[in-house]
Amino acid sequence: MKIALFSDIHGKILLPFKLVDLFQKETGQKIDFILQCGDMGAYPTLENLDKATLKHAKADRDELGFFDDFTTINPEIKTFLDQLNIDMICVRGNHEDHDFLDDLEQKYPVENRFPIDAYKRVFVCKSGKKQTLIKDQETLSFIGIGRIGDRKNRSEQRFIQEYEKKEVKKLIKSNEQFDVLITHDKDDGSQRGYGMAEIRNVLDELIFHYHFYGHTGQPFHQELDVNGITQSVKIKELEFNNGGVLEQGSMIILTKENDDISIEIVPLKMTNQLTKFNWKLA
């Protein structure tokens, strides 16, 4: 099983699919799923844009990619996604229309994740709920925890909600072992003043092979978590730099084979084929 991982796509919903298509054509390797670490930019109406997204959208229409391309069916995009036949599974970030996502989450009371787009190709994990991906003889188990943490007891929707905290507590009590943890925020051990306590608790109490996250604006890096078991991986935000290209570590491939899990960083010589100026035409 091969999975492509991305973070912080900020409206460029189609770009991970385009990069996966490019990867498959360049390498001959089949990708089975996409996992995405939040800040999808899932805004189906422009009235609910937050201030940061509105500011960036004035300079870059890509920020509105969900509204433009994924709320109603574009026949060309549908044909492409149908041929690719891969789902993207995300966690919530802080830059989403949470009213929209809350309404959808309530419409799927039994499922652990729910579709959010017109093509039924983009799904959002319910925080703290066990997720399973199956392909042929391989199974990947993972947990998603969305939104960001808060140290000031604020209840705004961008912060983890009380019902989600309860799910995380139930998860910890299960004492299960999982392959991967997907979050938007990082744990709250940072000296920079951000992070989520619930993520730290999960990493301290449960076993994961890998933890992938975004949000912080830091470059890609990988290190052993303080729990001494989990490999902690900061995925570089899927943003074009001033040269119009993506940066190192913005696309990662996870491979699970015979219970062995490994990752590789997609090289820049490949991702640089899709630039800010040509990616929509590719």
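Visitor: What is the relative accessible area of I265, and which class does that put I265 in?
Guide: Let's start with the scale: buried means under 20% relative accessible area, exposed means over 50%, and partly exposed lies in between (1.4 Å probe, protein chains only). I265 comes out at 25%. That value falls between the two cut-offs, so I265 is partly exposed.

Visitor: What kind of model are we looking at?
Guide: Residues are numbered from 1 along each chain as its sequence is written, and side-chain values use heavy atoms, leaving out hydrogens and water. Local features need pLDDT of at least 70 and side-chain atom pairs count only at pLDDT 80 or more, while totals for chains, interfaces and linings use all residues, since this is a predicted model.

Visitor: Where does I265 lie, and how far is its C-alpha atom from that of G249?
Guide: Helices (H or I, at least four residues) and strands (E, at least two) are DSSP runs numbered from the N terminus. I265 lies in strand β13, residues 260-265. Contact means heavy atoms within 4.5 Å, and G249 is among the contacts of I265. Although I265 and G249 are 16 residues apart along the chain, their C-alpha atoms are separated by 5.8 Å.

Visitor: Which strands pair with β9?
Guide: Two strands pair if DSSP finds at least two bridges between them. Strand β8 (residues 177-183) shares 5 bridges with β9 in the parallel sense, and F178 has F208 as its bridge partner. On β11 (residues 231-234), Q231 stands opposite Y210. That strand runs parallel to β9 with 4 bridges, so the partners are β8 and β11.

Visitor: Which element gives the largest share of the largest nonpolar core?
Guide: A nonpolar core is a set of buried Ala, Val, Leu, Ile, Met, Phe, Trp, Tyr and Cys residues joined through side-chain atoms within 4.5 Å. The largest one has 41 residues, with F6, V20, I116 and M251 touching the most other members. Elements giving two or more residues include β1, α4 and β5. The largest share, 7 residues, comes from α1.

Visitor: Is S127 buried or exposed?
Guide: S127 is found in the loop between β5 and β6, where its contacts beyond four places in sequence are G144, I145, G146, E164 and E167. Its relative accessible area is 5%. That is under the 20% limit, so S127 is buried.

Visitor: How far is a polar side-chain atom of S127 from the backbone nitrogen of G146?
Guide: G146 is one of the residues in contact with S127. The distance between the polar side-chain atom of S127 and that backbone nitrogen is 2.8 Å.

Technical notes
Polar contact = N/O pair within 3.5 Å; in protein donor to acceptor, adjacent residues only side chain to side chain.
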